[in-house]
Amino acid sequence: MSGPSKLHASAKSSSFAESVIREMTRVAQEHDAINLGQGFPDFPAPQELKDAAARAIAEDHNQYPITWGVPVFRDAIAAEYRRAYALDVDPATEICVTCGSTEAVMATFLGLLDEGDEVVLFEPFYEAYGPDAILAGAGRRIVALRPPGWSFEPDELRAAFGPRTRAIVVNSPHNPTGKVFTREELQQIADLCIEHDAIAVTDEIYEHITYDGREHIPIATLPGMRERTVTVSALSKTYSVTGWRVGWAIAEQPLMDGIRATHDFMTVGAATPLQHAGVTALGLGEGYFASMRADYEARRTLMIEVLDAAGFAAISPEGAYYVMADVSPLGFASDTEAAMHLVREVGVAAVPGSSFFSHADLGKHLLRFAFCKRLETLEAAGERLSKL
C-alpha cells in the first residue's frame, strides 16, 4: 500500500474537539468537586413524571415509536403551544420528537442546510452550534452579544446577512449568558429573515425559566415568521429530566419534511415510554412553572451572592440557569487556568468561557457557573470558593 493511510477521522470531525462542558464533568468526578459546570439538576424530577415513566414501561410502551413521535405526545405538545403561545400546530405534520433539543438542532441543520449555505450565530453560543454547522457543510457568520446586557448591534446583525444566508440561530433564554431577547430585538431579527428569505432556528429549551417578570416570546408568533421558523425545545430543563433526551422541533411542513427525513436515519426515534411520560409533564400547567421559577429565583440570588463573595465579577442572568462570571479580578491568566485551579484545588467545577466563542481569546476571562442545584449544594460551593 502506498500513500498516506486512510485510517483516520474525517476532516469535518477533526475540526472540532469534544464537549468542554462534559469534559469538566469528568474532571469534577475525578477530583470529587461540586459540579457547577454541566447544566443538570442535583435534585429529583417531579414524582408524577417518574411514576408516569414507570407506568408506561409496565404497560409495555417499550417498542419503536412512530419515527417522529408517539401521537399522544405530539398532541400534548400541540396543545401546550396553543395554551401558552396561541400557536396552532398540526401534530400530524408539524412536529418531530427527537433525542433531546441537541438532536433537534442537528436534524434541522442537516435537513435544511446545504453545502455552502451560511448560518448566523450570536456569540457566545452553546458549544454544539459550531460543530452542527461544520457537519452540515455550512459557513458561520458571527454576531457579538456584548455585556452587561448581552445585546447586539443592529448594524452588525444586518451586515451578517448576505446572499448565502440560509438561517439564523436564536437561543432565548440564552445559554451561556441568560439573556432573554426582547420583542424589539426579535422583530429586528424577523425583519432580516423576511428580507433575506432566511429561516429562524430557535432554541427555546429554557422557555419557562425567566426572572424579574421577563416574558419569553417565541419568534414564530411574530408576523410573517410562522412559516420560516423551526422552534426547538425539550422536557430536559423545565422538568429536570436532562437524561431522558426527549425534545422536539416544530415547523410548517416544507421545513419539517427535511427535519423528519434526517431524524429518521439519525436516531429512528426518542424513547417510547418517556414520550408517554411527557404527556404527564406537559399537563402540569402554569402552577408548576410558577413554582419552578420561584425556586430558580432563589438559586440565582444565592449563586450571585456566592460568586460576589469569592471575588468574581458576576452578571445576573435574565433567564436560564447559568451565570457568566469574570475571573479577571482573581488574577488568573486564562479561563482554562482558572477552571482547572477551581476544580482541582478548590473543589468546584465551572466551564471555561472560551468554549462558547468562535475565537477563544474573547472568552478567556470568563467562567460559566450552573446554579440548577439544591441550595445546600450552592452553599457548599460557596464555602469552598471562600478559599479564593
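The legends below accompany close-up views of a predicted model.

Local features are described where pLDDT is at least 70 and side-chain atom pairs only at pLDDT 80 or more, while totals for chains, interfaces and linings use all residues. Residues are numbered from 1 along each chain as its sequence is written, and side-chain values use heavy atoms, leaving out hydrogens and water.

**View 1. The largest pocket, with a volume of about 960 Å³.**
Let us start with the open space. A pocket here is an open set of points on a 1 Å grid over the protein atoms alone, with protein on both sides within 12 Å along at least five of seven lines, and its lining residues have an atom within 4 Å of a point. Grid points are joined across faces, edges and corners, and a volume is the space filled by probe spheres set on those points. The lining of the largest pocket counts 41 residues, and Ser19, Arg22, Tyr126, Glu127 and Ala128 lie nearest its centre. Helix 2 (20-30), helix 5 (100-112) and helix 6 (129-136) are the elements that give two or more residues to this lining. Helix 6 provides the largest share, with 5 residues. Helices (H or I, at least four residues) and strands (E, at least two) are DSSP runs, numbered from the N terminus. By class, the lining has 17 nonpolar, 15 polar and 9 charged residues. For these classes, Ala, Val, Leu, Ile, Met, Phe, Trp, Tyr, Cys and Pro count as nonpolar, Asp, Glu, Lys and Arg as charged, and the others, Gly among them, as polar.

**View 2. The second largest pocket, with a volume of about 160 Å³.**
Its lining consists of Ala84, Tyr85, Glu207, His208, Thr210, Arg214, Glu215, His216, Glu286, Phe289 and Arg293. Two or more of these residues come from each of helix 4 and helix 11 (285-310). Helix 11 gives the most, 3 residues. Sorted by class, this lining holds 5 charged, 3 polar and 3 nonpolar residues.

**View 3. The largest cavity, with a volume of about 90 Å³.**
Next comes enclosed space. A cavity is a set of grid points where a 1.4 Å probe fits but cannot get out, and the structure holds 5 cavities of 30 Å³ or more. Around the largest cavity stand Glu80, Tyr81, Ala84, Tyr85, Glu207, His208, Ala234, Thr238, Tyr239, Trp248, Leu282 and Phe289. Helix 4 (residues 71-85) supplies the largest share of this lining, 4 residues. The lining divides into 8 nonpolar, 2 polar and 2 charged residues. Ala84, Tyr85, Glu207, His208 and Phe289 line this cavity and also appear in the lining of the second largest pocket.

**View 4. Arg228 and its surroundings, in the loop between strand 6 (199-203) and strand 7 (229-234).**
Arg228 has a relative accessible area of 14%, so it counts as buried (under 20% relative accessible area; exposed means over 50%, and partly exposed lies in between, with a 1.4 Å probe and protein chains only). A polar atom of the Arg228 side chain lies 2.9 Å from the backbone oxygen of Ala198. Beyond its neighbours within four places in sequence, Arg228 is in contact (heavy atoms within 4.5 Å) with Cys193, Ile194, Asp197, Ala198, Ile199, Ala200 and Leu255.

**View 5. Two buried cysteines, Cys193 and Cys372.**
Cys193 has 0% relative accessibility, and Cys372 likewise has 0%. Cys193 is also one of the contacts of Arg228. With a disulfide taken as a pair of cysteine sulfur atoms within 2.5 Å, the count comes to 0 disulfides.

**View 6. Two cis peptide bonds, one from Pro147 to Pro148 and one joining Asn175 and Pro176.**
For the bond from Pro147 to Pro148, omega is near 5 degrees. Pro148 sits in the loop between strand 4 (139-144) and helix 7 (154-160). For the bond between Asn175 and Pro176, omega is about 25 degrees. Pro176 is placed in the loop between strand 5 (165-171) and helix 8 (183-195).

**View 7. Positive phi at Ala86 and Ser240.**
Ala86 is not a glycine, yet its phi is positive, at about 55 degrees. This residue belongs to the loop between helix 4 and strand 2 (95-98). With a relative accessible area of 65%, Ala86 is exposed. Ser240, also not a glycine, has a positive phi of about 55 degrees. Its place is in the loop between strand 7 and strand 8 (247-250). Ser240 is buried, with a relative accessible area of 15%.

Conventions. A polar contact is a pair of N or O atoms within 3.5 Å; within protein, one must be able to donate a hydrogen and the other to accept it, and residues adjacent in sequence count only if both atoms are side-chain atoms.
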